[in-house]
Amino acid sequence: MRSRARQMLDKSISAMLAAIEVYNKPIFEYREEAYSILAVNAWELLLKARILQIDNNKFASIIDYEKRQLGSGKLSTKLYKKKNRTGNEVSIGLFKAYDRLTNDYADTINQVVRKNLEALTEIRDNAVHFLNKEFELKKKVHEVGTANLKNYVNIIRQWFGVSPSDFNLFLMPIAFLRDIGRADGVMHNTEERHLLEYIKGLEKEVNDDVANDFNLSLNISIKIRRASESTGTEVVISDRPDAIPIKLEEENIRERYPWDYDILTKRLQDRYSDFKMAQKYHGIRKKLEQDTKLCNTRYLDPGNPKSATKKFYSPNIIRELDQHYKRMK
């Protein structure tokens, strides 16, 4: 049975695939709005999947909490689980999940990812005000959306070891859309103008090199040319000794070892009253790193054993460290 984190990830990928499918339809008048709504939902599910992955699939880690108003009119000091009108518990939203990951779990996310999500969320929030005949807005949504997909693919590979080749994650180039050679003369309404100014303002804050792993927006250039059939390389399954080997990594490797050094250290600081980042900690940790059930060393270049490495830890390492430190009350 798949873990809660993996189930949440699967839902996220389904939402993103739905966003792409809707956007790439030949005729669809609500293209940009539908993509932004579904893509934001996909990211919210992805961030919550990451929290579950780090926090041993504890559902409480993604529940939203609030203070209640007392009979005196003051707010309680105690936090209560927030519930919706049906009485079900409410989970945290996109940016609260983002902040919880970076602040409470010490996870590292490139800041340009947040700026891209802010731009996409503004597009979603302003969706009801769109005039889809305006080409400039279509183009800007495509640029932000393309960067958003690139960021998404890199994040799911980094966090969950999911190969993006398993999914058709791309947006149809805007030049492929119907009637792109002509545009009706439409004046920007106030909301459109503000939205475009907001996104352009974010773009000025970011050094958006296409070679970066993460981007705010991307301007895609498409060229179509004819290629001879002989230029391709044939790929076949072979047991010949001189065949080029292809190594397949475990898809669930990051699910088994979701913590890096910063996340592990943050979890220990929150768990123990006598924990210090001193020689004692480093000595204990290095011994535990010898156990492959607790620590996995990944090469940045998997095919080169001399390349730089990074260690990832299983949450089970906590059980061993409990023997050396005092739990907080």
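**Close-up views of helix packing and selected residues**

**Figure 1. Lys48 is found in helix H2.** This view, like those that follow, is taken from a predicted model. Lys48 is buried, its relative accessible area being 5%, which falls under the 20% limit for that class. Not counting residues up to four places away in sequence, Lys48 touches Met8, Ile62, Ser91, Ile92 and Ala97. One of these contacts, Ser91, is 43 residues from Lys48 in sequence, yet the two C-alpha atoms are 8.8 Å apart in space.

**Figure 2. Helix H2 comprises residues 31-54.** At 1.5 Å a residue, the 24 residues of H2 should span 34 Å, and the distance of 35 Å between the end C-alpha atoms agrees with this expectation. Because 21 of its 24 residues are buried, H2 is largely enclosed by the rest of the structure. H2 is followed by Asn56, which has a positive phi near 55 degrees.

**Figure 3. Asn57 lies in the loop between H2 and strand E1 (65-69).** Asn57 is not a glycine, although its phi is positive, at about 60 degrees. Most residues other than glycine have a negative phi. With a relative accessible area of 23%, Asn57 is partly exposed, because this value lies between the limits of 20% and 50%.

**Figure 4. Helices H2 and H3 (residues 94-104) pack with their axes 9 Å apart.** The angle between H2 and H3 is about 30 degrees, and their crossing is left-handed. On the H2 side, the contact is formed by Val40, Trp43, Glu44, Leu47, Lys48, Arg50, Ile51 and Ile54; these meet Leu94, Ala97, Tyr98, Arg100 and Leu101 in H3. By class, the residues of this contact divide into 9 nonpolar, no polar and 4 charged. Lys48, the buried residue of Figure 1, is among the H2 residues that take part.

**Figure 5. Ala106 is placed in the loop between H3 and helix H4 (111-125).** Ala106 has a positive phi of about 60 degrees although it is not a glycine.

**Figure 6. Helices H2 and H4 pack with their axes 8 Å apart.** The angle between H2 and H4 is about 140 degrees. H2 and H4 are therefore oblique to each other, since angles count as roughly antiparallel when over 145 degrees. The crossing of H2 and H4 is left-handed. Tyr35, Ser36, Ile37, Ala39, Val40 and Trp43 in H2 meet residues of H4, namely Val113, Leu117, Leu120, Thr121, Ile123 and Arg124. This contact contains 9 nonpolar, 2 polar and 1 charged residues. Val40 and Trp43 of H2 take part both in the contact with H3 and in the contact with H4.

**Figure 7. Helices H8 (residues 261-271) and H9 (residues 279-288) pack with their axes 13 Å apart.** The angle between H8 and H9 is about 125 degrees, and the two helices are therefore oblique to each other. The crossing of H8 and H9 is right-handed. From H8, Tyr261, Leu264, Thr265 and Leu268 meet Tyr281, His282 and Arg285 of H9. The classes represented in this contact are 4 nonpolar, 2 polar and 1 charged residues.

**Figure 8. Lys311 has its place in strand E4 (residues 309-313).** Lys311 is partly exposed, with a relative accessible area of 31%. Leaving aside neighbours within four places in sequence, its contacts are Trp259, Asp260, Tyr261, Glu289, Cys295, Asn296 and Thr297. Of these, Asn296 is 15 residues from Lys311 in sequence and 5.8 Å away in space, C-alpha to C-alpha. Tyr261, another contact of Lys311, is also one of the H8 residues that meet H9.

**Figure 9. The protein contains 10 helices and 4 strands.** Along the sequence, these elements follow the pattern α-α-β-β-α-α-α-α-α-α-α-β-β-α. The protein has 329 residues, of which 40% count as buried. Among contacts between residues at least 6 apart in sequence, 70% join residues at least 24 apart.

Key
Residues numbered from 1 in each chain as written. Predicted model: local features only at pLDDT ≥ 70, side-chain atom pairs only at ≥ 80, totals over all residues. Heavy atoms only, no water. Expected span 1.5 Å × (residues − 1). Buried < 20%, exposed > 50% of the residue type's maximum accessible area, 1.4 Å probe, protein only. Axes fitted to C-alpha atoms, helices over the stretch in contact; angles between N-to-C directions. Parallel < 35°, antiparallel > 145°, perpendicular 65-115°, else oblique. Left-handed = near helix turned anticlockwise from the far one by under 90°. Contact = heavy atoms within 4.5 Å. Nonpolar A, V, L, I, M, F, W, Y, C, P; charged D, E, K, R; others polar.
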